[in-house]
Amino acid sequence: YYVVGHSKDLQKSDLIDKKGGLLGIGRTSELNSNIDNSLFTKIDYTETTSIPVNSKDAKLITTHPSDSYTWDKTGKTINSLMITDPEKFWSASKYLVIAN
């Protein structure tokens, strides 16, 4: 399952929670423990190697090994997340959340 969206929209949908920090500084986002699968796009992770992002900025909220993906960029725009090692990428989490 994956979802790409603005950080505030992901929070409003209760997909991510902001944790820690002091007065909003240093807070980190993480996947909410009560996930509604209907808010995600379901994929076959063995066949999907590209997730469209189309944004100037993108950040993975869920944890995935950094050596299992790359960002496909054109100039300053991030076109997509390219999964180079699907087995390794999806081993940490079956959910992918990208905030842009």
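## Close-up views of a predicted model

**View 1. S93 sits in a loop.** S93 is placed in the loop between α2 and β8. The model shown here is predicted. Is S93 buried or exposed? S93 is buried, because its relative accessible area is 15%, and buried means under 20%. The side chain of S93 has a polar atom 3.0 Å from the backbone oxygen of Y95. Look also for residues that lie further off in sequence. With residues up to four places away left out, S93 touches T62, T63 and H64.

**View 2. The whole chain gives the setting.** The chain holds two helices and eight strands. Read from the N terminus, the elements follow the order β-α-β-β-β-β-β-β-α-β. The chain has 100 residues, and 34% of them count as buried. The accessible surface of the chain is about 6200 Å². Carbon and sulfur atoms hold 48% of that surface. Now take the contacts in the chain with a separation of 6 or more. Of these, 59% are between residues 24 or more positions apart.

**View 3. K88 and D67 form a salt bridge.** Side chains of opposite charge can pair when their charged atoms come close. How many salt bridges does the count come to? The count comes to one salt bridge. Its partners are the side chains of K88 and D67, at 2.5 Å from N to O. K88 belongs to helix α2 (residues 86-89), while D67 belongs to the loop between β5 and β6, so the pair ties together parts that are 21 residues apart in sequence. K88 counts as partly exposed, because its relative accessibility is 33%.

**View 4. Three strands line up as β4-β7-β6.** These three strands form an open sheet, and the pairing is antiparallel. Which strands stand at the edges? They are β4 and β6 (69-74). Each has a single partner strand, so one side of each is left without a neighbour in the sheet. On average, neighbouring strands of this sheet are turned by 20° against each other, direction ignored. Count the bridges next. β4 and β7 run antiparallel and are joined by four bridges. β6 and β7 also run antiparallel, and six bridges join them.

**View 5. The side chains of β4 alternate.** Strand β4 covers residues 50-55. Which of its side chains are buried? I51, V53 and S55 point to one face and are buried. S50, P52 and N54 point to the other face and are not buried. Across the sheet, I51 stands opposite L81 in β7.

**View 6. S80 lies in strand β7.** This strand spans residues 77-83, and S80 is part of it. S80 is buried, because its relative accessible area is 7%. Which residue stands opposite S80? That residue is D72. Now set aside the neighbours of S80 within four places in sequence. S80 is then in contact with S50, I51, P52 and V53. T70, W71 and D72 are also among the contacts of S80.

**View 7. A second group of strands runs β1-β8-β5.** Three strands form an open sheet in this order, with mixed pairing. The edge strands are β1 (2-5) and β5 (59-60), and each pairs on one side only. Strand β8 covers residues 96-99. β5 and β8 run antiparallel, and two bridges join them. Where does K59 find its bridge partner? The bridge partner of K59 is A99, in β8.

**View 8. I98 is a buried residue of strand β8.** I98 is found in strand β8. How buried is I98? Its relative accessible area is 0%, so I98 counts as buried. Again, neighbours within four places in sequence are left aside. I98 is in contact with V3, V4, G5 and L10. Other contacts of I98 include I51, V53, A58, K59 and L60. W71 and L81 are also among them. Take L10 as one example. I98 and L10 are 88 residues apart in sequence. In space, the pair is 9.3 Å apart, C-alpha to C-alpha.

Methods. Residues numbered from 1 in each chain as written. Predicted model: local features only at pLDDT ≥ 70, side-chain atom pairs only at ≥ 80, totals over all residues. Heavy atoms only, no water. Buried < 20%, exposed > 50% of the residue type's maximum accessible area, 1.4 Å probe, protein only. Contact = heavy atoms within 4.5 Å. Pairing = 2+ DSSP bridges. Axes fitted to C-alpha atoms, helices over the stretch in contact; angles between N-to-C directions. Salt bridge = Lys/Arg side-chain N within 4 Å of Asp/Glu carboxyl O. Polar contact = N/O pair within 3.5 Å; in protein donor to acceptor, adjacent residues only side chain to side chain. Areas by Shrake-Rupley, 256 points an atom, 1.4 Å probe, with all protein chains shown as cover.
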